[in-house]
Amino acid sequence: MKLFVHPGASSLSVHILLREIGEPFELEVINVTAKRRADGSDYRAVAPRGMVPLLELPGGERLTENLVIAQYVCDAAGRHDLMPSAGTFARYRVMEWQSFVAAELHKSFIPLNWKIDAPMRELVLARINGRLAFVEQGLSGPFLTGETFTAADAYLFVIASWTRFYGIDIDVLPRLSALLRTVGERPSVRAALSAEGRGMVTLDDPAPAP
């Protein structure tokens, strides 16, 4: 398998899962903003949409979209801790959180990369803070669905960590803050961040790609 990522982008969540699974894969870090691969070629020749993540399978098939790739790699590896078995209610809970992160949290950050005026920025920040508060309220264990780290936690970790770049204070959300610290200490996360050429997101880092 080969995974295409952009440092700090949502593709990091899939990268973390592949590290958790432990099966061999090739990694290519691309510039999704410029749509350029490491060799300077046009990334859109491989990924017409020009977005990450993209997973290229040994047979030549390619998959896009975080939620789909996450399900595929976990199912293929039989890692039912990361993605519970199909048809179980536990799986639907993981997918429920994945969907929330994708639709309500991930996309809420995008306008912060646009040229918007101060009042609009305040509205965007209010929406993000509201969604983060929902996560805080929904946390009943160290992870989103309880005691076990899942694909949903990998995705939340990446997106919620963007708060550091945008200067959003989450110290008022102790359960979410604890989850981010716990996930950030996992060997898979540290290895993925190192391989992508960065450490934890800081205010000095370039903006994460959507």
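1. What pLDDT does the chain average, and what share of the residues score at least 70? This is a predicted model, and its chain averages a pLDDT of 93, with 94% of the residues scoring at least 70. One stretch needs separate treatment: over residues 199–207 the pLDDT stays under 50, although the model has 21 contacts for this stretch beyond four places in sequence. Where pLDDT is low, the predicted coordinates should not be read in detail. I would therefore leave the contacts of residues 199–207 out of any detailed reading, since pLDDT stays under 50 there.

2. The strands around the N terminus can be described through E1. Strand E1 (residues 2–5) pairs with strand E2 (residues 26–29) in the parallel sense, over four bridges, and among the facing residues Lys2 has Glu26 as its bridge partner in E2, while Val5 stands opposite Val29. E1 is also joined to strand E3 (54–56), in this case by three bridges and with the two strands running antiparallel; here Leu3 has Leu55 as its bridge partner. Between E1 and E2 the chain passes through helix H1 (residues 12–21), and E1, H1 and E2 together make a right-handed β-α-β unit.

3. Which way do the side chains of E1 point, and are they buried or exposed? Lys2 and Phe4 point one way from the strand, Leu3 and Val5 point the other way, and all of these residues are buried. A lysine is thus among the buried residues of E1, and the next point returns to Lys2 through one of its contacts.

4. Arg37 lies in the loop between E2 and E3. Not counting residues up to four places away in sequence, Arg37 touches Lys2 and Phe4, together with Glu28, Ile30, Asp42, Tyr43 and Val46. Lys2 and Phe4 are the E1 residues that point one way from that strand, and Glu28 is joined to Arg37 by a polar contact of 2.8 Å between the two side chains. Asp75, by contrast, is 38 residues from Arg37 in sequence and 29 Å from it in space, C-alpha to C-alpha.

5. Asp75 instead appears beside another arginine, Arg91, which is found in helix H3. The side chains of Arg91 and Asp75 make a polar contact of 2.8 Å. Arg91 counts as buried because its relative accessible area is 6%, which is under 20%. Apart from residues up to four places away in sequence, Arg91 touches Gln71, Asp75, Met83, Pro84, Ser85 and Ala86.

6. Further along H3 (residues 89–109) is Ser108, a residue that is buried with a relative accessible area of 5%. A polar atom of the Ser108 side chain lies 2.5 Å from the backbone oxygen of Glu104. Leaving aside neighbours within four places in sequence, Ser108 is in contact with Val124, Arg127, Ile128 and Arg131.

7. One of those partners, Ile128, is placed in helix H4 (residues 118–138) and is buried, with a relative accessible area of 0%. Beyond four places in sequence, Ile128 is in contact with Ser108 as well as Leu105, Phe109, Leu112 and Ile168. Of these, Ile168 is 40 residues away along the chain from Ile128, yet the C-alpha atoms of the two are separated by 9.0 Å.

8. Which residues of helix H7 (residues 187–195) are buried? They are Ser188, Val189, Ala192 and Leu193. These residues lie on the same side of H7, because they cover an arc of only 130 degrees around the axis. An α-helix has 3.6 residues a turn, so residues three or four places apart point the same way. On the other side of H7, Pro187, Arg190 and Ser194 are exposed.

9. The cover over the buried residues of H7 includes H1, helix H5 (151–165) and helix H6 (174–184). H1 therefore has two roles in this description, as the helix of the right-handed β-α-β unit and as part of what covers H7. Just after H7, Gly197 takes a positive phi of about 85 degrees.

Definitions and conventions: Residues are numbered from 1 along each chain as its sequence is written. This is a predicted model: local features need pLDDT of at least 70, side-chain atom pairs count only at pLDDT 80 or more; totals for chains, interfaces and linings use all residues. Side-chain values use heavy atoms; hydrogens and water are left out. Two strands pair if DSSP finds at least two bridges between them. Contact means heavy atoms within 4.5 Å. A polar contact is a pair of N or O atoms within 3.5 Å; within protein, one must be able to donate a hydrogen and the other to accept it, and residues adjacent in sequence count only if both atoms are side-chain atoms. Buried means under 20% relative accessible area, exposed over 50%, partly exposed in between (1.4 Å probe, protein chains only). The arc is that of the directions from the helix axis to the C-beta atoms. pLDDT is the predictor's confidence in each residue, from 0 to 100.
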